[in-house]
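Please open the model in a viewer and keep a selection panel at hand. The stops below are arranged as a tour, each with something to select and a description of what is found there.

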Number of protein chains: 2
Amino acid sequence: MKKLESVSYKNVKLTGGFWKKWQETVALNTVNAVYEQFAASGRISAMTHTWREGEENRPHIFYDSDIAKWMEGAAYILQYVKNPELEDKVDAIVNLIEDGMSSEGYFNSYYQTIEPANRWTNRINHELYCAGHLMEASVAYYEVTGKRKFLDLMCRYADYIEEIFIQTEGAKFFTPGHEEIELALVKLYKATGEERYLALSKHFIDVRGTREEMMFDFFKNHPTYAQDQNPVREQQSAEGHVVRYTYLFSGAADIAKEYGDTELLEACERTFDEAVRNKMYITGGMGNMKHGEAFGPAYFLPNFEAYTETCASIGFMFLAKRILNMDPDSRFADHLELQMYNGALAGISLDGNSFFYENPLEQKPTDLEFFHRVGANGRPASRVRLFSCSCCPPNILRLIASLGDYYYSTDGKCTIYTHLYSANRAEIKLGEKKIVLTQSTHYPEDGRVTIRITAKDPVKATLAFRIPGWCKNATVTCGGKSPDRIEKGYAYFDGEWKTGDKVELNFRMDVRIMEADPRVYADCGKVALMRGPMVYCLEEADNGQSLGDIRISAKPGFKVKYEPELLSGVTTITFRGSRRDGDFGGALYREYNPVRKEETEFKAVPYYAWNNRGEGELAVWILR
Amino acid sequence: MKKLESVSYKNVKLTGGFWKKWQETVALNTVNAVYEQFAASGRISAMTHTWREGEENRPHIFYDSDIAKWMEGAAYILQYVKNPELEDKVDAIVNLIEDGMSSEGYFNSYYQTIEPANRWTNRINHELYCAGHLMEASVAYYEVTGKRKFLDLMCRYADYIEEIFIQTEGAKFFTPGHEEIELALVKLYKATGEERYLALSKHFIDVRGTREEMMFDFFKNHPTYAQDQNPVREQQSAEGHVVRYTYLFSGAADIAKEYGDTELLEACERTFDEAVRNKMYITGGMGNMKHGEAFGPAYFLPNFEAYTETCASIGFMFLAKRILNMDPDSRFADHLELQMYNGALAGISLDGNSFFYENPLEQKPTDLEFFHRVGANGRPASRVRLFSCSCCPPNILRLIASLGDYYYSTDGKCTIYTHLYSANRAEIKLGEKKIVLTQSTHYPEDGRVTIRITAKDPVKATLAFRIPGWCKNATVTCGGKSPDRIEKGYAYFDGEWKTGDKVELNFRMDVRIMEADPRVYADCGKVALMRGPMVYCLEEADNGQSLGDIRISAKPGFKVKYEPELLSGVTTITFRGSRRDGDFGGALYREYNPVRKEETEFKAVPYYAWNNRGEGELAVWILR
């Protein structure tokens with residue numbers, strides 16, 4: 001097991017292109033849009049604990065976590081944008097937390113306002129989940145601003161939780177109904193050096209699945225819902241509520257690395273691989289069963305009914321990133337990249353102001369209108385500003401604002417891994433020395449990347465570069481030389497690096513026609529288009545209605561074109577295809593007519609950018 | 001508007017072949033199997049009104065209707081099978097009803113046992129629905145046995161309902177939450193000649209959609225659920241709970257005919273056509289939205305998620321039969337036939353002992369096992385003996401036992417319509433004369449039908465024979481002569497008919513490859529096989545797993561074969577097709593490989609016969 005650390009977002013500056021633009025969008029728009037919605041919906045005032053029965057905006061058990069994720073996102077933004085007003089807003093909330101915290105160190109706006117006597121009695125009610133998110137936020141805010149107040153408050157909270165869950169066993173349950181605190185405690189430990197927090201995190205991981213605990217009615221009390229079916233180390237497959245799964249195993253991965261626990265790492269990899277192999281939409285979307293927002297049966301991947309929560313994709317990024325630091329295998333970085341360009345990014349509008357919770361792969365707005373009318377499916381047909389359970393908006397905010405965290409890993413001594421590509425500049429310490437890596441590239445529009453080295457003194461190091469799994473003809477050279485070795489999808493160069501050295505990478509971005517395993521009935525007879533890390537889709541805006549009937553030609557004649565004016569700038573794929581003649585004489589069925597209409601051109605756009613031109617049909621999978 | 005009457009099941013004897021076998025099955029097995037389940041589940045003892053809180057089998061508001069449908073089925077069976085024991089069972093229940101009926105004439109086992117003070121207060125609670133089914137049963141039992149007691153009891157009940165709903169307006173609602181009594185009252189009127197029952201039925205039709213009435217919460221109080229969105233005559237489309245729709249419009253069709261109300265007939269045809277054109281599965285299955293067991297959006301026809309209730313198909317037969325008697329257009333008889341061989345018949349196992357409520361067009365049992373485990377989808381993977389809401393088993397029982405009712409219509413004077421084909425003998429009165437039609441045929445295995453005439457004296461009459469819409473090259477001749485005219489899909493012969501005359505019909509049963517409208521995304525890129533009136537399907541038992549990946553060849557080389565030992569005797573269709581090579585190297589997605597495996601043969605069986613060889617995969621739609 002390797003024990004790499006991700007190079008912090010504090011040391012990786014996105015300098016241009018795709019993700020720089022996104023970081024600007026979330027800093028200029030998203031952080032304000034989410035704040036306004038949270039303020040207007042009573043989420044912030046809930047933290048004053050003054051709400052009374054009969055008033056509007058009854059505090060919900062999730063509310064503190066929504067605010068916490070927003071605070072965390074705001075903190076990351078303050079790292080790359082000066083914004084005193086934003087910082088004031090965060091400070092004001094920190095003050096509310098300080099004011100509201102009980103003498104023991106407890107803070108939960110729902111319980112303290114509504115059920116003060118029932119603290120720690122209901123496993124379902126997200127207390128530890130909210131606490132965990134507050135802890136994550138406090139660590140980020142401390143890292144960026146150096147202000148300790150929030151961090152100190154959260155240490156008090158963590159101390160109190162340790163007392164309840166380890167020393168006195170004073171709660172009516174043993175492990176959180178919604179995991180999150182496990183990974184948060186590891187962050188708190190790293191920020192403070194306080195090992196008790198690490199031990200408490202390990203405790204939650206160790207205890208899970210070993211005791212009789214409260215189950216979840218609506219999942220028929222099946223223990224998989226909250227990953228209670230086995231001790232974590234023995235779990236064989238990814239089960240239950242997807243976000244819960246990803247948060248639990250992200251925490252488990254942290255514990256695996258901190259304690260060198262290979263059994264735990266194996267459980268992380270085993271269940272991660274199982275999900276990716278059996279239950280993942282091609283977009284990275286996870287949650288193939290709406291019931292319980294959960295993993296469904298293997299190969300059951302309905303495109304309209306996809307319950308592919310934005311947070312689930314983000315959670316999988318948390319997990320993949322952590323595994324990668326113990327096992328630098330490109331399949332985990334490939335997954336990171338798939339989620340960031342597709343499953344996760346589809347959750348936010350191009351202007352950064354509205355959000356999807358579910359990210360389907362097929363849609364007809366008229367179907368949804370019908371369902372809404374009669375209460376059959378609540379999914380909005382377009383992105384919205386707020387959900388009653390509004391976890392996804394601040395989650396995508398904090399993800400994008402902290403994206404620098406995902407590019408590089410290092411052992412801090414002599415090895416640096418480059419996982420992702422896009423214009424950025426990273427300062428990385430190796431022992432006492434520092435090396436700067438600067439990526440120049442138009443990635444993801446183009447697969448050519450130049451990485452220049454700057455080092456005050458020559459640095460002896462191994463530099464490893466991920467070769468994307470989607471690229472069948474990559475070239476990676478350094479001064480004309482091939483890599484010393486290629487291992488698990490990374491190209492390794494050993495050497496002494498000095499200013500002026502550069503590594504040239506070229507990942508040819510051909511259009512790829514993809515197909516799904518024959519057991520995925522929803523996609524049989526169909527293909528999807530990808531280019532580089534991006535999944536493409538057909539939209540009504542480009543292709544009219546009845547997208548489901550478009551068949552891509554055996555000779556599609558792909559034309560790839562960057563269109564700067566379209567959807568804030570996207571590379572489109574045009575292909576030849578055909579439709580059926582739709583004259584059914586007023587009937588729904590007729591005898592099959594094999595003759596199709598003459599071929600015409602259709603245009604596909606990146607999936608993440610869909611639904612930014614009004615409501616319309618969507619199709620990722622295309623008949624072949 | 002024509003005013004034909006269906007020739008009664010009492011005068012149409014099925015004499016051999018497909019449906020005779022089914023009538024024997026329901027007489028030998030189904031009627032006993034359903035009775036046993038109903039007795040064991042407390043449905044019969046509920047009628048004693050002695051159940052007390054805390055006991056097992058709490059009477060449900062549906063229970064009387066379940067028993068009533070069983071009684072009605074039993075009555076029809078007694079028409080063609082002597083079974084004194086069965087008759088005794090019916091009489092015993094009639095006695096329970098007599099004993100339990102209140103002095104006003106009220107009988108409802110749920111209300112009289114559980115909520116005696118709340119009679120007529122809750123529109124949702126099926127009181128009038130249960131009453132209607134009891135009335136239908138009483139009419140059938142009177143027609144077959146001549147015993148009046150049950151009929152007289154139900155007249156008292158109808159009198160009481162008239163008092164409440166017309167004279168005193170003593171109920172908290174105006175029209176039934178679940179329609180059924182409308183059509184039942186017309187039957188009661190016809191059996192007794194009592195015009196008040198007809199008027200009461202018309203009243204319920206007329207009032208619906210004109211007053212503020214209790215709505216149904218779970219349908220977001222949308223009035224479509226129970227067809228309350230408009231007055232019945234103004235309804236434009238088939239909406240809401242499917243069985244409710246069919247029962248309402250069956251009653252409306254009766255009223256249309258009795259009163260010569262063309263506006264009402266137009267509403268029946270308009271909404272019927274709309275459903276068939278927009279929302280019908282190729283099997284006839286209706287209910288393209290599980291939520292509310294309801295009609296969903298047009299063209300939204302997911303095959304796995306099909307909520308195609310057996311009762312919905314049966315209800316559509318009720319409606320089609322009634323429209324046909326005013327407008328003898330073969331499209332209504334085609335629909336009857338489609339439902340009886342497919343959507344309805346799939347609801348019962350070949351041995352007659354177990355039942356489907358939902359009839360999907362695609363199934364993987366492993367998916368359902370998963371869903372059951374976590375409470376996500378309650379549909380059983382195989383037919384079962386009883387449902388908690390067990391309407392379908394006695395409904396398919398009474399349908400099959402009364403199937404003779406669907407074959408012929410007459411004006412009673414000079415015209416006879418033959419709608420359906422299979423070996424049978426019908427005695428039909430035309431004025432003072434009688435004519436006997438005897439069908440000899442192996443239909444539906446073979447499309448050749450001979451109809452022989454027997455008449456004591458020559459009878460001047462027009463005989464009309466339906467040309468099935470599925471047959472593109474039908475021949476219909478009488479003594480070598482072509483029909484005098486063909487109108488709305490019926491071949492008409494005018495003449496004086498005498499014993500020895502015969503009509504020869506030949507409906508070539510080629511295998512037909514069918515496709516769905518391009519807006520039906522679930523079926524794009526796919527075809528279904530039909531032969532004669534039957535829809536075919538692929539089963540795992542014949543073709544292994546991964547049915548969804550089988551692609552039928554452009555040259556399928558169909559082989560049609562009657563297999564007497566298979567599935568109680570079915571005609572199978574063998575075709576050439578291919579699968580994909582499934583080697584994805586452990587991944588869920590790969591770059592598309594256009595090369596398929598070598599073609600092999602696959603076998604399709606009639607859809608109704610599926611799931612009689614254990615649990616296994618099912619697919620109606622096949623890649624093309």
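How far apart should the ends of helix H1 of chain B be, given its 24 residues at 1.5 Å a residue? The model on screen is a predicted one. Select residues 17–40 of chain B, which form H1(B). The helix should span 34 Å, and its end C-alpha atoms are 34 Å apart, which agrees.

**Along and beyond the first helix**

Next, centre the view on Val26(B), where H1(B) has a kink of about 40 degrees. Then step just past the end of H1(B) to Gly42(B), whose phi is positive, at about 85 degrees.

**A strand enclosed in chain B**

Select residues 534–539 of chain B, which make up strand S16. Are the residues of S16(B) buried or exposed? Six of the six are buried, so the strand is largely enclosed by the rest of the structure. In a regular strand, side chains alternate between the two faces of the sheet. Colour Met534(B), Tyr536(B) and Leu538(B) as one side, and Val535(B), Cys537(B) and Glu539(B) as the other; both faces of S16(B) are covered, and all of these residues are buried.

Now add the pairing partners of S16(B) one at a time.

- Strand S15 of chain B, residues 526–531, runs antiparallel to S16(B) and is joined to it by two bridges. Within this pair, Met530(B) has Val535(B) as its bridge partner. The two strands form a hairpin with two residues between them, and Gly532(B) in the turn has a positive phi of about 55 degrees.
- Strand S21 of chain B, residues 600–606, is also antiparallel to S16(B), with three bridges joining them. Here Ala604(B) stands opposite Leu538(B).
- Strand S22 of chain B, residues 618–619, pairs with S16(B) in the antiparallel sense over two bridges. In this pairing, Leu538(B) stands opposite Ala619(B).

**Two buried sites elsewhere in chain B**

Select Tyr490(B), which is located in strand S12, residues 490–497. Tyr490(B) has 21 C-beta neighbours inside 10 Å and therefore counts as buried. Which residues does Tyr490(B) contact, leaving aside its neighbours within four places in sequence? They are Pro328(B), Ser330(B), Tyr417(B), Ala464(B), Phe465(B), Arg466(B) and Ile467(B). A distance label between the C-alpha atoms of Tyr490(B) and Arg466(B) should read 4.3 Å, although the two residues are 24 residues apart along the chain.

Move to Leu420(B), in the loop between strand S5 (415–418) and strand S6 (424–430) of chain B. Leu420(B) counts as buried because 22 C-beta neighbours lie inside 10 Å. Not counting residues up to four places away in sequence, Leu420(B) touches Ala333(B), Leu336(B), Glu337(B), Tyr406(B) and Tyr407(B). The C-alpha atom of Leu420(B) is separated by 7.4 Å from that of Tyr408(B), twelve residues apart along the chain.

**Where the chains meet**

Display both chains and select the contacts between them: 51 residues of chain A are in contact with 51 residues of chain B. On the chain A side, helix H10 (262–278), helix H13 (365–374), strand S14 (511–516) and strand S20 (589–591) each supply at least two residues. Coloured by character, this side of chain A divides into 23 nonpolar, twelve polar and 16 charged residues.

Follow S14(A) across to chain B, where strand S20, residues 589–591, pairs with S14(A) in the antiparallel sense over three bridges. Select Ala516(A) and Tyr589(B) together, since these stand opposite each other in that pairing.Beside S14(A), Asp510(A) lies in the loop between strand S13 (502–506) and S14 of chain A. Asp510(A) has 16 C-beta neighbours inside 10 Å and so counts as partly exposed. The C-alpha atoms of Asp510(A) and Leu403(A), 107 residues apart along the chain, are separated by 26 Å.

**The relation between the copies**

For the last stop, superpose chain A on chain B: a rotation of 180 degrees with 0.0 Å of shift along its axis does this, with an RMSD of 0.0 Å. That is the relation of a two-fold axis. The same surface serves both copies, as 100% of the contact residues of chain A recur in chain B. Which residue of chain A comes closest to the rotation axis? Select Gly525(A), whose C-alpha atom is at 3.5 Å from the axis.

Note on methods. Residues are numbered from 1 along each chain as its sequence is written. Chains are lettered from A and ligands numbered from 1 in the order in which they are written. This is a predicted model: local features need pLDDT of at least 70, side-chain atom pairs count only at pLDDT 80 or more; totals for chains, interfaces and linings use all residues. Helices (H or I, at least four residues) and strands (E, at least two) are DSSP runs, numbered from the N terminus. A residue is buried if 20 or more other C-beta atoms lie within 10 Å of its own, exposed if 12 or fewer, and partly exposed in between; C-beta atoms are placed from the backbone. Two residues are in contact if their C-beta atoms, placed from the backbone, lie within 7 Å. Ala, Val, Leu, Ile, Met, Phe, Trp, Tyr, Cys and Pro count as nonpolar, Asp, Glu, Lys and Arg as charged, and the others, Gly among them, as polar. Two strands pair if DSSP finds at least two bridges between them. Copies are superposed by least squares on the C-alpha atoms of residues with pLDDT of at least 70 in both. The expected span of a helix is 1.5 Å times one less than its number of residues. The bend at a residue is the angle between axes fitted to the seven residues ending there and the seven starting there.
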